Amino acid sequence: MRRVILAVAGTVAGLVALLTFRSHVPSAAPVASSGSAGAGTAGSAGTAGSAGQPAAPAALTAGERAVDGNVANTAYGPVQVQVVVKHDKIVAVNILEQPTSTANDLQIGRFAFPQLISETKSAQSARINSVSGASYTSAGYITSLQSALANGA
């Protein structure tokens with residue numbers, strides 16, 4: 001009888017602790033942006049605004065041109081990139097739109113976009129691998145990147 005009472009009390013205490021637990025919800029953080037001087041780096045124009053919405057990219061330096069890709073609609077929201085090219089070389093990729101419906105969308109963007117941008121700059125093309133755990137975001141990024149490159153980047 002004593003064991004049953006202890007088991008029930010332990011279960012109730014565990015349930016109370018579980019139901020009162022509040023997880024940490026990350027605040028909206030800047031969207032990844034990568035580039036050369038003046039083409040938008042973390043913390044400057046070209047990153048997300050305070051509400052998690054991307055802001056306009058910074059001014060271009062001499063010889064650079066920016067080409068916006070088409071908006072790629074994914075299951076979680078739109079993805080759009082801007083490619084900055086100088087002397088036919090990709091020098092920066094700015095994220096213009098990304099899924100922002102949930103904190104998880106923002107977290108995936110913070111994780112995936114820097115990897116995708118780095119791979120784009122290394123490959124100098126849209127032939128890049130998707131980021132594991134961000135399949136839809138990666139597919140949207142690659143689709144928008146392909147359209148930017150086809151549009152003259």
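So, the crossing of H2 and H3: helix H2 passes helix H3 in a right-handed crossing, where right-handed means that the near helix is turned clockwise from the far one by less than a right angle, and left-handed means anticlockwise. Helices here are DSSP runs of H or I with at least four residues, strands are E runs of at least two, and both are numbered from the N terminus. H2 covers residues 103-123 and H3 covers residues 135-150, and the two pack at an angle of about 40 degrees with their axes 10 Å apart. That angle makes H2 oblique to H3. On the terms: axes are lines fitted to C-alpha atoms, for helices over the stretch in contact, and angles run from 0 to 180 degrees between N-to-C directions. Under 35 degrees is roughly parallel, over 145 roughly antiparallel, 65 to 115 roughly perpendicular, and the rest oblique.

Who makes the contact, meaning heavy atoms within 4.5 Å? From H2 we have Ile-108, Phe-113, Leu-116, Ile-117 and Thr-120, and from H3 come Thr-137, Ser-138, Tyr-141 and Leu-145. By type, that contact has 6 nonpolar residues, 3 polar ones and no charged ones. The classes go like this: Ala, Val, Leu, Ile, Met, Phe, Trp, Tyr, Cys and Pro are nonpolar, Asp, Glu, Lys and Arg are charged, and the others, Gly among them, are polar.

Quick word on what we're looking at. This is a predicted model, in which local features need pLDDT of at least 70 and side-chain atom pairs count only at pLDDT 80 or more, while totals for chains, interfaces and linings use all residues. Residues are numbered from 1 along each chain as its sequence is written, and side-chain values use heavy atoms, with hydrogens and water left out.

Zooming out for a second: there are 3 helices and 5 strands in the protein, and along the sequence they follow the pattern α-β-β-β-β-β-α-α. Of its 153 residues, 36% count as buried, with buried meaning under 20% relative accessible area, exposed over 50%, and partly exposed in between, using a 1.4 Å probe and protein chains only. Among contacts in the protein with a separation of 6 or more, 48% come from residues 24 or more positions apart.

Back to H2, and to Thr-120, which sits in that helix. Is Thr-120 buried or exposed? Buried, at 0% relative accessibility. Its side chain reaches the backbone oxygen of Leu-116 at 2.8 Å. Leaving aside neighbours within four places in sequence, Thr-120 is in contact with Ile-90, Val-93, Ser-125, Ile-128, Tyr-141 and Leu-145. Take Ile-90 from that list: 30 residues away along the chain, with the C-alpha atoms of the pair separated by 7.9 Å.

Over on H3, have a look at Ser-144. Ser-144 is buried, with a relative accessible area of 1%. What does the side chain of Ser-144 reach? The backbone nitrogen of Val-81, at 3.0 Å. Not counting residues up to four places away in sequence, Ser-144 touches Gly-69, Asn-70, Ala-72, Val-79, Gln-80 and Val-81.

Ile-142 is in H3 too, and counts as buried at 13% relative accessibility. Beyond its neighbours within four places, Ile-142 contacts Ala-126, Ile-128 and Ser-130. The C-alpha atoms of Ile-142 and Ala-72 are 8.8 Å apart, with their positions 70 residues apart along the chain.

Now Ser-130, in the loop between H2 and H3. That residue is partly exposed, at 46% relative accessible area. With neighbours within four places set aside, Ser-130 is in contact with Ser-138 and Ile-142.

Over in strand E4, residues 77-86, we find Gln-82, which is buried at 10% relative accessible area. The side chains of Gln-82 and Asp-68 are joined by a polar contact of 2.9 Å. A polar contact is a pair of N or O atoms within 3.5 Å; within protein, one must be able to donate a hydrogen and the other to accept it, and residues adjacent in sequence count only if both atoms are side-chain atoms.

Last bit, the backbone. Most residues other than glycine have a negative phi. His-87, not a glycine, has a positive phi of about 55 degrees; His-87 is in the loop between E4 and strand E5 (89-97) and counts as exposed at 68%. Gln-124 also has a positive phi, near 55 degrees. Gln-124 lies in the loop between H2 and H3, and is partly exposed at 29% relative accessibility.

Key:
Contact means heavy atoms within 4.5 Å.
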